[in-house]
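This report is meant for a reader who has not seen the structure before. It begins with the chain as a whole and then turns to one helix and a few single residues.

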Amino acid sequence: LSRSLPELDKENRIAVIPIKGMIVSGNGGGFFAQEGVNSADVDSFIEAANKDENIKGIILNINSGGGAVVPSKEIVDVVKKVDKPVVALIRDVGASGAYWVASASDYIIADPLSITGSVGVAAGYLEFSDLLDQYGVKYQRLKGGMYKDVGTPYANLTDVERDLLQSKISKIHQYFLEDVSKNRGKDLSKYATGLFYLGTEAIEIGMIDGLGGKEEAINKTIELANITEYELVFYKREVSFFD
């Protein structure tokens, strides 16, 4: 932990927890993986802050376009269990899975020009079947189970396979939409097209609660926690040799 202010009142602290970059699980996929936020780290930070009696409120400092579905949901589930005020601050971007996390907080503040929302699910892959045919390379299917190789880049999807994958994506999208709507106390189905909204647009349609930045987020947390003096405590993962 690092503290941004001198100790004014050890019993009145506000935890600032970053959610920066793509939301991933584990270590993000290996030594050369893209920088992202590990859901396990965020979960442990939130749980630690919730257990600390000196922490009176939590600010989720978000700058993320989302990420994997399950890691995003894991953070959402942990945020919902917090029994003290949680304010989400969306800086540049708080979209898709990151917006899902923000929706689980008690109050969302976003910069007027930030990118928010994007309630949608996407999946895709590169297909090489035509390229292989051009060079006379054939893909032979040997499998146990009719759909075992659905999504392989070496063969065209059949209509049945495409419908099957689309149905699963649609189910994930519906779950995402229903949970975000429940968290916000508002039916957001009209805005669940995957389109993103600027902060100034998001507040008009009820996707966020206020416009501003760090100062506004701190003031709202102070208000919800019913405290006056405070100390900010920043949670971050220790940098390892490999980092």
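Accessible areas here come from the Shrake-Rupley method with a 1.4 Å probe. On that basis the protein chain exposes about 13,800 Å², and carbon and sulfur atoms supply 52% of it. The model is a predicted one.

**The chain as a whole**

The protein chain has seven helices and eleven strands. Of its 243 residues, 40% are buried, where buried means under 20% relative accessible area. Among the contacts with a separation of 6 or more, 71% are between residues 24 or more positions apart.

**Helix α2**

Helix α2 covers residues 69–80, twelve residues in total. From its first C-alpha to its last it reaches 17 Å, close to the 16 Å expected at 1.5 Å a residue. Which residues of α2 are buried? They are Pro71, Ser72, Ile75, Val76, Val78 and Val79. These residues lie on the same side of α2, because they cover an arc of only 165° around the axis. An α-helix has 3.6 residues a turn, so residues three or four places apart point the same way. The buried residues of α2 pack against strands β3 (22–24), β5 (55–64) and β6 (86–95). They also pack against helices α1 (39–51), α3 (97–103) and α5 (159–184).

**A nonpolar patch**

Val69, Val70 and Ile172 make a nonpolar surface patch of about 220 Å². Isoleucine 172 is found in helix α5. Its relative accessibility is 34%, so isoleucine 172 counts as partly exposed.

**Four buried residues**

The table lists the place and relative accessibility of four residues.

| Residue | Place | Relative accessibility |
|---|---|---|
| Glycine 94 | strand β6 | 0% |
| Serine 96 | loop between β6 and α3 | 17% |
| Threonine 116 | strand β8 (residues 115–117) | 0% |
| Serine 118 | loop between β8 and α4 (129–134) | 17% |

Where do the contacts of glycine 94 lie, once its neighbours within four places in sequence are left aside? Glycine 94 is in contact with Ile62, Ser64, Tyr99, Ile115, Thr116 and Gly117. The C-alpha atoms of glycine 94 and glycine 66 are separated by 7.3 Å, although the two residues are 28 residues apart along the chain.

Threonine 116 is one of the contacts of glycine 94. With neighbours within four places in sequence left aside, threonine 116 itself is in contact with Ile90, Gly94, Ala110, Phe196, Tyr197, Leu198 and Ala202. At 0% relative accessibility, threonine 116 counts as buried.

Serine 96 sits in the loop between β6 and α3. Not counting residues up to four places away in sequence, serine 96 touches Gly65, Gly66, Gly117, Ser118, Gly120 and Phe176. Serine 118, which is among these contacts, lies in the loop between β8 and α4.

What is the phi of serine 96? Phi of serine 96 is near 55°, a positive value in a residue other than glycine. Phi of serine 118 is likewise near 55° and positive. Most residues other than glycine have a negative phi. Serine 96 is buried, with a relative accessible area of 17%, and serine 118 counts as buried at 17% relative accessibility.

Methods. Residues are numbered from 1 along each chain as its sequence is written. This is a predicted model: local features need pLDDT of at least 70, side-chain atom pairs count only at pLDDT 80 or more; totals for chains, interfaces and linings use all residues. Side-chain values use heavy atoms; hydrogens and water are left out. Helices (H or I, at least four residues) and strands (E, at least two) are DSSP runs, numbered from the N terminus. The expected span of a helix is 1.5 Å times one less than its number of residues. Buried means under 20% relative accessible area, exposed over 50%, partly exposed in between (1.4 Å probe, protein chains only). The arc is that of the directions from the helix axis to the C-beta atoms. Contact means heavy atoms within 4.5 Å. Patches are made of residues with over 30% relative accessible area and no salt bridge: like charges are joined within 9 Å, nonpolar side chains (Val, Leu, Ile, Met, Phe, Trp, Tyr) within 5 Å. A salt bridge is a side-chain nitrogen of Lys or Arg within 4 Å of a carboxyl oxygen of Asp or Glu.
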